Amino acid sequence: MADLPPRKKVVVLGSTGSIGESSLKVARDIPDRMKVIGLAANRSAYSLATQITEFGVKNACLFDESGFSDLRSKVTSDVSLSTGEDGLVELATLPEADIVLIAIVGVAGLRPALAAIEAGKDIAVASKEILVMAGEAVMTAAREKGVNVLPVDSEHNAIFQCLEGKPSSDVSRLILTASGGPFRTLPAEELKDVTVARALKHPTWEMGQKITIDSATLFNKGLEMIEARWLFDIEMGRVDVIVHPQSIVHSMVEFIDGSILAQLSTTDMCFPIQYAVTWPERVPNTLPPLDFAELACLDFEAPRWDDFPALKLAREAGEKGGTLPAVLNAANEVAVSAFLGEKLSFPGIWETVTETMSSHSNIHSPALAEIIEADEWARNKAQELIS
Ligand code: MG
């Protein structure tokens, strides 16, 4: 029998979140192909301690230091523990790591991502902010270091699978599928009455609160358009969106000869996570197969570009580039948390983003510090607009 390829040693940043938990499910499912060697969580000391013990991890980070002594008391003394951004960077550059899977919500994943690339690690990216805010810088650094940026998001993972390394010159369009969110068929005039509880009910995917709201406004798809633009080195005009309520076709690539390849599976994040980890290999697992007879039909429809302005805003940000995508992202984050706190209406989310973007002076080919600065500026601006 041929030797199996070695186990991939994986660091999971954001291990107690929704994607993090799914990553650990994958690790349990294919233990001879994936070994978890580092874990980081934001503030869930108890969950992190449980994970550390289960996977026998020797390096971990609790971002919020207030839970540190709690964590220390729950794990054995041979586990090296750290906190804060320095702790994340330390984990992201662990000498024995092959892949750093970054599933931290927000801007906190950016420095660890760049540090991992600098240290020659492949990164598996689940945090949208990394490519939205600093797509150009991250992809340039990855090319220079010869490391792979492996997409974990189901849409980008689908495109990655369809492309199989083909250059963007072979592609006529990337077609991102969107579930359309819970308000796909809601009349435009009723969007202003959308409550937090209604917006948090996603029809197909179970996810964290922020991304669930982003799916309802379509900002999630907008951010994914920008990500795709950088990840696959293709201009915004060739990144398209189609609504597909069943979320079975995870995305498609239309090639210049008119052929379209699509990637399909049941809606479980373990599929894209596993492929990002085992790539370029395919490995059997215990995930539920797709039953076409039961599925019966797949629907597609055009997105409502005018009723859900997030898509147009994202296209604009992706076309203009510079610091504008970071501004869109930051303003949206502030607006979503105001909406969740019932301080902003549902349409108030894109109104806040629109206004923040239009008052920003865009900086082209920004340095990392300028991106962070634009992010902070946009947060303040959005906050000011809301209050
Ligand atoms: Mg997605």
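Begin by selecting the magnesium ion in this predicted model, where the residues that donate to the metal follow the spacing D-x1-E-x68-E along the chain. Show the side chains around the ion, and you will find that Asp153 (OD), Glu155 (OE) and Glu224 (OE) coordinate it at 2.1 to 2.4 Å. Because Glu155 belongs to helix α7 (residues 154-163) while Glu224 belongs to helix α10, this pair ties together parts of the chain that are 69 residues apart in sequence. If you add a surface to the view, keep in mind that Glu155 and Glu224 are both buried.

From Glu224, move to the start of its helix and select Leu218, which sits in the loop between α9 (209-217) and α10 (219-231). The backbone deserves attention here, since Leu218 is not a glycine and yet has a positive phi, near 75°. Is Leu218 buried or exposed? With a relative accessible area of 6%, Leu218 falls under the 20% limit and is therefore buried.

Next, select Asp233, which is found in the loop between α10 and β9 (239-243). Asp233 likewise is not a glycine but has a positive phi, in this case about 50°. Its surroundings can be read from the relative accessibility of 47%, which means that Asp233 counts as partly exposed.

Finish at the loop between α11 (270-278) and α12 (292-295), where Pro280 is placed. Select Trp279 together with Pro280 and inspect the peptide bond from the former to the latter, which is cis, with omega near 5°.

Terms used
Residues are numbered from 1 along each chain as its sequence is written. This is a predicted model: local features need pLDDT of at least 70, side-chain atom pairs count only at pLDDT 80 or more; totals for chains, interfaces and linings use all residues. Side-chain values use heavy atoms; hydrogens and water are left out. Helices (H or I, at least four residues) and strands (E, at least two) are DSSP runs, numbered from the N terminus. Buried means under 20% relative accessible area, exposed over 50%, partly exposed in between (1.4 Å probe, protein chains only). Donors are N, O and S atoms within 2.8 Å of the metal (3.2 Å for Na, K and Ca); water is not among the atoms, so sites may look incomplete.
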